[in-house]
Amino acid sequence: MAPFPKTDRPSWDDRGGNGSEPPMMDDMPRTFDPQTLDPDARELMPLFVSTRRADLTELQAALDAGALDIAARIGHRIRGTAQSYGLTELGELALELEQGADRRDGAEVERCAAGITQWVQWLEEVVAVQTS
């Protein structure tokens, strides 16, 4: 299997992000280096991405229904799996989603959901390059 493309973007903190807005696609933190994944994790990355896409669909349905308890569980699930892949920033964003949902802060949950969506889009790009 071909290696993931090397990422060379600085982290969000290095670029002066203040954390008040979700980073937009071009400003996403890229401290995650897919080259550091062990071969087994590298093979599982497409499954990780498709599962996160399913999480986002479930999250949107929960938000549409006002079910912040479900949103909190989804944030918790994303955080755990993101951290196991070394996706620290994604894990932190998922934690913020979980905490925002626990506080019943819909605006915070929406902000975090937007950021997580952008992360998943970026990871889809990484996987597409890796599998092509």
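Contact here means heavy atoms within 4.5 Å. The model is predicted.

**Exercise 1. Describe the overall fold: how many helices and strands are there, and in what order do the elements run?**

Solution.
- Step 1. Count the elements. The protein has four helices and zero strands.
- Step 2. Read from the N terminus. The order is α-α-α-α.
- Step 3. Look at burial. Of the 132 residues in the protein, 44% are buried.
- Step 4. Look at sequence separation. Take the contacts with a separation of 6 or more; 63% of them join residues 24 or more positions apart.
- Step 5. Turn to the surface. The accessible surface is about 6800 Å², and carbon and sulfur atoms hold 51% of it.

**Exercise 2. Check the length of helix H1, then find where H1 bends and what its buried residues pack against.**

Solution.
- Step 1. Helix H1 covers residues 39–65, which is 27 residues. The expected span is 1.5 Å times one less than the number of residues. That gives 39 Å for H1, and the end C-alpha atoms are 40 Å apart, so the two values agree.
- Step 2. Locate the bend. H1 turns by about 40° at Met45. A proline, Pro46, follows within four residues.
- Step 3. Pick out the buried side. Buried residues of H1 include Ala41, Met45, Phe48, Val49, Leu56, Leu59 and Leu63. Charged residues are also among them: Arg42, Arg52 and Asp55.
- Step 4. Find the partners. The buried residues of H1 pack against helix H2 (68–84), helix H3 (88–102) and helix H4 (106–131).
- Step 5. See what follows. Gly66 comes after H1 and has a positive phi, near 70°.

**Exercise 3. Which residues of the largest nonpolar core touch the most other members, and which element gives the largest share?**

Solution.
- Step 1. Start from the general tendency. In soluble globular proteins, nonpolar side chains tend to be buried together.
- Step 2. Name the hubs. The largest nonpolar core has 31 residues, and Phe48, Leu59, Leu87, Leu90, Ile116 and Leu123 touch the most other members.
- Step 3. Assign the contributions. H1, H2, H3 and H4 each give two or more residues to this core. H4 gives the largest share, 10 residues.
- Step 4. Follow one hub. Setting aside residues up to four places away in sequence, Leu90 touches Phe48, Ile78, Ala82, Ile116, Trp119 and Leu123.

**Exercise 4. Find how many aromatic pairs the structure has, and classify the geometry of each.**

Solution.
- Step 1. Search the whole structure. Two aromatic pairs turn up.
- Step 2. Take Phe48 and Tyr85. Their centres are 4.5 Å apart, with 40° between the planes, and the pair is tilted.
- Step 3. Place this pair in the chain. Phe48 sits in helix H1 and Tyr85 in the loop between H2 and H3, 37 residues apart, so the pair links distant parts of the chain. Phe48 and Tyr85 are both buried.
- Step 4. Take Trp119 and Trp122. Planes over 60 degrees apart count as edge-to-face. The centres are 5.4 Å apart and the planes at 90°, so this pair is edge-to-face.
- Step 5. Relate this to the helix. An α-helix has 3.6 residues a turn, so residues three or four places apart point the same way. Trp119 and Trp122 are three residues apart in helix H4, so about one helical turn separates them. Both Trp119 and Trp122 are buried.

**Exercise 5. Decide for Glu98, Glu108 and Arg73: buried or exposed?**

Solution.
- Step 1. Set the cut-offs. Buried means under 20% relative accessible area, and exposed means over 50%.
- Step 2. Glu98 is in helix H3. Its relative accessible area is 14%, so Glu98 is buried. Beyond residues up to four places away in sequence, Glu98 touches Ala72, Gly75, His76 and Arg79.
- Step 3. Glu108 lies in helix H4. Its relative accessibility is 17%, so Glu108 also counts as buried. With the same exclusion of residues up to four places away, Glu108 touches Glu96, Gly100 and Arg103.
- Step 4. Arg73 is in helix H2. Its relative accessibility is 53%, so Arg73 counts as exposed. Arg73 and Ala94 are 21 residues apart in sequence and 9.9 Å apart in space, C-alpha to C-alpha.

**Exercise 6. What is the sign of phi at Arg104, and where does Arg104 lie?**

Solution.
- Step 1. Recall the background. Most residues other than glycine have a negative phi.
- Step 2. Read the angle. Arg104 is not a glycine, yet its phi is positive, about 65°.
- Step 3. Place the residue. Arg104 lies in the loop between H3 and H4. At 52% relative accessibility, Arg104 counts as exposed.

Terms used
Residues are numbered from 1 along each chain as its sequence is written. This is a predicted model: local features need pLDDT of at least 70, side-chain atom pairs count only at pLDDT 80 or more; totals for chains, interfaces and linings use all residues. Side-chain values use heavy atoms; hydrogens and water are left out. The bend at a residue is the angle between axes fitted to the seven residues ending there and the seven starting there. Buried means under 20% relative accessible area, exposed over 50%, partly exposed in between (1.4 Å probe, protein chains only). A nonpolar core is a set of buried Ala, Val, Leu, Ile, Met, Phe, Trp, Tyr and Cys residues joined through side-chain atoms within 4.5 Å. Accessible areas come from the Shrake-Rupley method with a 1.4 Å probe; for residues, only the protein chains shown count as cover. Rings of Phe, Tyr and Trp (its six-membered ring) pair if their centres lie within 6.5 Å; planes under 30 degrees apart count as stacked, over 60 as edge-to-face and the rest as tilted.
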